Amino acid sequence: MNDLDPLVTEARAEFAAALTPADLENAKARFIGKSGRVTELLKGLAALTPEEKKARGAAINQIKQQVEGALNARRSELAEAELQEQLKAEALDVTLPGRRRGEGGLHPVSLSIERIEAIFGSMGFDVADGPEIETDWFNFTALNTPADHPARSMHDTFYVEGGHLLRTHTSPMQVRYAVQHVKRHAERETRGERVPEIRVIAPGRTYRVDSDATHSPMFHQCEGLWIGENVSFADLKSVLGDFFAAFFETNDLNIRFRPSFFPFTEPSAEVDIAFASGPLKGRWLEVGGAGQVHPNVVRNFGLDAERYIGFAFGLGPDRLTMLRYGVNDLRLFFDGDVRFLSQFKV
Ligand code: DAH
């Protein structure tokens, strides 16, 4: 025990009470600073005799060391506390799920078109693509719809420069594809040989001045064409029947042809289907148009209309998509709302 011990106890208490490095430095000054209490004690040695000085000096140095020890210990404590504080503030929860990039998916109508291509592909149909800006010839005249034909009024559309228009249907692809096909096989034709059958579908965008819950100014169609020497209405019905069964994944389905009129087919029909079960059970739903290709159109293909015969059809991929997924407003497909579209991600 030393009469100076209480000083050490006091210093320890003051250091402990210092909660920041600045407080601690102030406390240090009070004890071992220039005029701190321990420093003052050392200054007091000057008045003592050499022997007293020796004993007293040793005692003061001892407590000075203890005060310094306490100071250093508290410094480390505060530094450690500060580090912990900082670590806590910058804490990273490595178990949180990362921020991912949103994954895209195909549009529901694109999914349908892929299905349509795959199904008709399995029946030996080629897939063709063509321009959305069309000439009057391919869109109308070649399809037996001359300039003054009343059927044109149902196809009001968007005209662009040079008498071109946004195609009102995919039917012009019948002529574009057939003409190329006939050209490719022209030699056979001149030798009197048979031109191979034409079997093609042509899906794509089409345009008309029309807008409500079931019509959009831009919509999709899928044209189909099968031309040969002996292609009949019975073939048309079986091709479409097989297609719908595959597309909707059910054999519980009826198909009916309703007499209709299209300038480029004769006879012509509207195609309806009815499901034998499910929410739409028993309701006839119109899903497209079809017919036997008109001889005038066959001639525009560059083929002998006495020899070649067949059928064409036009399906609505938008409508098929609505039926398949139970969507009741066509506009949802074209609003671009990710909340809607992401539901079809596969
Ligand atoms: N092009 C017709 C339309 O847009 C649909 C159509 C009907 C296409 C009968 C055909 C067909 O190929 O044979 O209204």
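Helices (H or I, at least four residues) and strands (E, at least two) are DSSP runs, numbered from the N terminus. This is a predicted model, in which local features need pLDDT of at least 70, side-chain atom pairs count only at pLDDT 80 or more, and totals for chains, interfaces and linings use all residues. Residues are numbered from 1 along each chain as its sequence is written, and side-chain values use heavy atoms, with hydrogens and water left out.

**View 1. A cis peptide bond in strand β7.**
P267 belongs to strand β7, residues 265–275. The peptide bond that leads from E266 to P267 is cis, and its omega is near 0 degrees. Most peptide bonds are trans.

**View 2. A positive phi at N144.**
N144 lies in the loop between α6 (136–139) and β3 (165–166). Its phi is near 65 degrees, a positive value in a residue that is not glycine. Most residues other than glycine have a negative phi.

**View 3. The shell around the ligand.**
There are 15 residues around the ligand (a residue is near a molecule if one of its heavy atoms lies within 4 Å of it). H169, S171, R208, Q221 and E223 come nearest. By class, the shell has five nonpolar, eight polar and two charged residues; Ala, Val, Leu, Ile, Met, Phe, Trp, Tyr, Cys and Pro count as nonpolar, Asp, Glu, Lys and Arg as charged, and the others, Gly among them, as polar. Strands β5 (218–228), β8 (285–293) and β9 (309–315) each supply at least two residues of this shell.

**View 4. Oxygen atoms of the ligand and their partners.**
A polar side-chain atom of Q221 is 2.9 Å from a ligand oxygen atom. Backbone atoms also take part: a polar one of G291 lies 3.5 Å from an oxygen atom of the ligand, and a polar one of F313 lies 3.3 Å from an oxygen atom of the ligand. Taken alone, the ligand exposes 350 Å², of which the protein buries 92% (accessible areas come from the Shrake-Rupley method with a 1.4 Å probe).

Key. A polar contact is a pair of N or O atoms within 3.5 Å; within protein, one must be able to donate a hydrogen and the other to accept it, and residues adjacent in sequence count only if both atoms are side-chain atoms.
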